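The exercises below invite the reader to work through a structure step by step. Each task is followed by a worked solution.

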Amino acid sequence: MNLLHDIALQRLFGGLIVLLIVATIVGRLIERRTGAERASATVQNLNARINAWWVMSVVFAIAVLVGPIGSVVLFALLSFLALREFVTLVPTRPSDHRALLWSFFLITPLQYVLVALHWYGLFTILIPVYAFLFLALRVALSGDTTHFLERVSAIQWALMICVYSLSYAPALLGLSIRGHGTAGPTLLLFLVIVVQGSDVLQYIFGKLFGRRKIAPLVSPSKTVEGFLGGVAAATLLGALIWWATPFSVWQAGLQALIIALTGFGGGLVMSAVKRDRGIKDFGTIIAGHGGILDRVDSLTFAAPIFFHVTRFFFGG
Amino acid sequence: MIAGALAAVAQLVAGSTVRWLGCAPTEDQRVYIANHSSHLDFIVLWSYLPARLRRLTRPVAARDYWERGAVRRYLAAKVFNAVLIDRAAAPSTPAGQLGLQAVDQMVQSLADRHSLILFPEGARGPGEDLAPFRSGLYHLCARRPGLEVVPVYLENLNRILPKGHLLPVPMLSRITFGTPLRLQDAEAKDAFLERARQAIQALKEAV
């Protein structure tokens with residue numbers, strides 16, 4: 001099944017393009033009305049996000065057109081880039097070099113090969129069991145015990161967040177649903193639309209109505225109003241595209257709610273990681289470099305939970 | 001073409017953010033001086049110069065390293081147009097015969113349009129503090145009065161490829177170009193070298 005044959009997929013992409021065109025026009029109108037030079041940082045930020053959405057949608061459409069392998073390769077690439085950013089930020093030492101080489105060039109590709117093979121029994125444990133223990137041993141063998149636990153944990157975290165968790169998104173392609181066979185790209189598309197939609201909606205609601213900050217020390221931009229409004233709207237969004245999924249309306253809404261909540265958790269946790277490592281380092285070293293980790297932080301939390309919830313309740 | 005491909009690979013591996021804080025990338029004759037902590041240092045710094053400057057900018061490198069093997073010899077001679085000096089030629093005794101010879105070589109290689117990339121620490125360090133500078137930089141500037149010395153700080157390259165490893169871990173890095181400095185009239189050797197060293201050190205904190 002691919003984009004050319006699947007009616008639901010065509011409608012989803014069609015809807016996405018209409019939404020993006022509307023968003024682009026509205027964004028440009030606001031910018032023109034206020035004058036490009038005087039347009040507030042918020043408007044510019046919003047337009048930058050909309051542009052990023054265009055790029056993401058096109059890349060994603062191409063990946064889906066290519067077939068399941070396209071999506072797996074796309075997410076493998078995202079994992080690689082996210083891992084690169086994460087490891088840049090954490091305090092590894094030269095003696096961790098070998099462990100990092102293993103992580104980048106063997107464990108990461110292997111994880112995605114297992115996902116491509118739909119080898120559920122192994123891709124769910126490769127990193128949390130085998131890589132987890134192996135990396136600890138590899139760093140111990142380097143003979144450098146300075147900050148041993150911090151260094152090992154940082155590498156393990158990097159792999160768990162950037163590779164393991166993210167790989168659950170393309171793993172959805174191999175998930176078989178009771179009475180539907182494998183769900184194809186629609187589950188993945190549902191996840192990405194809801195999680196990214198939730199990000200944007202939380203941002204918009206936060207800018208419009210945000211007053212009370214949720215965790216000012218971790219992420220000053222997250223507000224109670226933005227959270228509630230964004231999560232509610234994302235839940236509605238998920239329910240509205242139920243027809244593309246194996247779910248009923250209320251099931252789709254509930255799934256979207258779970259995705260929005262876990263996605264929020266991912267954003268908050270990754271903000272905490274950035275804070276811990278010093279926001280200055282992150283901003284300055286990665287500025288202009290895409291900040292893949294910033295784009296997929298919500299997905300890293302939402303993808304594995306959505307996968308396992310779906311598998312538990314709908315798996316066949 | 002080989003140069004372009006090599007530069008692209010180097011950029012891919014190093015993923016650098018480039019900041020020209022104190023000057024712009026122009027064709028003025030310059031000596032780029034940078035901290036040295038990885039085999040990647042020179043090629044990454046070179047690869048992030050605009051292509052037309054890359055053709056004009058020659059690295060000063062150790063002959064014993066770059067003349068080992070046909071590939072390195074070819075790259076040094078044809079692609080990088082490197083200025084190869086004898087490593088024994090950078091001794092702590094600057095008045096040494098070989099030291100003067102190296103300075104001669106550098107002065108000649110500048111000709112009327114080339115720039116140089118130089119690592120005044122002489123050898124790769126652990127990547128924390130800069131080692132004291134060799135005196136070649138001072139003698140070069142004394143022979144070419146008014147020559148611009150551009151301090152460059154290379155960040156994180158020693159994590160991408162630490163000393164003693166063959167394969168790079170593709171982390172992200174950053175290159176910062178600072179404000180050019182010149183040898184002042186009657187400036188003492190040690191004072192000038194220390195001023196140049198401080199200029200690189202200061203870029204570590206620059207925003």
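A residue is buried if 20 or more other C-beta atoms lie within 10 Å of its own, and exposed if 12 or fewer do. The model to which this rule is applied here is a predicted one.

**Exercise 1. Determine how strand S7 of chain B is placed with respect to the rest of the structure.**

Solution. Step one is to count: strand S7 of chain B covers residues 173–177, and five of the five are buried. Step two is to separate the two faces of the strand. B:Ser173, B:Ile175 and B:Phe177 point one way from S7(B), while B:Arg174 and B:Thr176 point the other way. Residues on both faces are buried. The conclusion is that S7(B) is largely enclosed by the rest of the structure, because five of its five residues are buried.

**Exercise 2. Identify the strands that pair with S7(B), and state the sense of each pairing.**

Solution. Begin with strand S1 of chain B, residues 16–20, which runs parallel to S7(B) and is joined to it by five bridges. Within this pair, B:Val18 is opposite B:Ile175. Next, take strand S6 of chain B, residues 148–155, which pairs with S7(B) in the antiparallel sense over four bridges. Here B:Leu154 is opposite B:Ile175, and B:Val152 is opposite B:Phe177.

**Exercise 3. Place these strands in the sheet of chain B and name the edge strands.**

Solution. First, write down the order: seven strands form an open sheet, S1-S7-S6-S2-S5-S3-S4, with mixed pairing. Second, look for strands that pair on one side only; these are S1 and S4 (83–85) of chain B, the edge strands. Third, consider the turn between neighbouring strands, which is 20° on average, direction ignored.

Two further pairings fill in the order. Strand S2 of chain B, residues 30–34, runs parallel to S6(B), with five bridges between them. B:Arg30 has B:Glu148 of S6(B) as its bridge partner. At the other end of the order, strand S3 of chain B, residues 57–62, runs parallel to S4(B) and is joined to it by three bridges; B:Ala61 is opposite B:Leu84 there. As for burial, seven of the eight residues of S6(B) are buried, so S6(B) is largely enclosed by the rest of the structure.

**Exercise 4. Classify B:Asn156 and B:Ala186 as buried or exposed, and describe the phi of each.**

Solution. The general expectation is that most residues other than glycine have a negative phi. B:Asn156 has a positive phi, near 85°, and lies in the loop between S6 and helix H8 (157–160) of chain B. With 20 other C-beta atoms within 10 Å, B:Asn156 is buried. B:Ala186 also has a positive phi, near 65°, and is found in the loop between S7 and helix H9 (189–203) of chain B. B:Ala186 has 5 other C-beta atoms within 10 Å and is therefore exposed.

**Exercise 5. Describe the surroundings of B:Ala82.**

Solution. B:Ala82 lies in the loop between helix H5 (70–79) and S4 of chain B. The count of C-beta neighbours inside 10 Å is 22, so B:Ala82 is buried. Beyond its neighbours within four places in sequence, B:Ala82 is in contact with B:Arg58, B:Pro59, B:Ala61, B:Trp66 and B:Ala76. One of these, B:Pro59, is 23 residues away along the chain, yet the two C-alpha atoms are separated by 5.0 Å.

**Exercise 6. Check the length of helix H10 of chain A against its expected span, and describe its crossing with H8(A).**

Solution. Helix H10 of chain A comprises 29 residues (249–277), which should span 42 Å at 1.5 Å a residue. The end C-alpha atoms are 42 Å apart, which agrees. A:Gly278, with a positive phi near 90°, follows H10(A).

For the crossing, the axes of helix H8 of chain A (residues 185–209) and H10(A) come within 9 Å and cross at roughly 55°. That angle makes H8(A) oblique to H10(A). The crossing is right-handed. The contact is made by A:Leu191, A:Val194, A:Val195, A:Ser198 and A:Asp199 of H8(A), together with A:Ala256, A:Ile259, A:Ala260 and A:Gly263 of H10(A).

Conventions
Residues numbered from 1 in each chain as written. Chains lettered and ligands numbered in written order. Predicted model: local features only at pLDDT ≥ 70, side-chain atom pairs only at ≥ 80, totals over all residues. Helix = DSSP H or I, 4+ residues; strand = E, 2+ residues; numbered from the N terminus. Expected span 1.5 Å × (residues − 1). Pairing = 2+ DSSP bridges. Axes fitted to C-alpha atoms, helices over the stretch in contact; angles between N-to-C directions. Parallel < 35°, antiparallel > 145°, perpendicular 65-115°, else oblique. Left-handed = near helix turned anticlockwise from the far one by under 90°. Contact = placed C-beta atoms within 7 Å.
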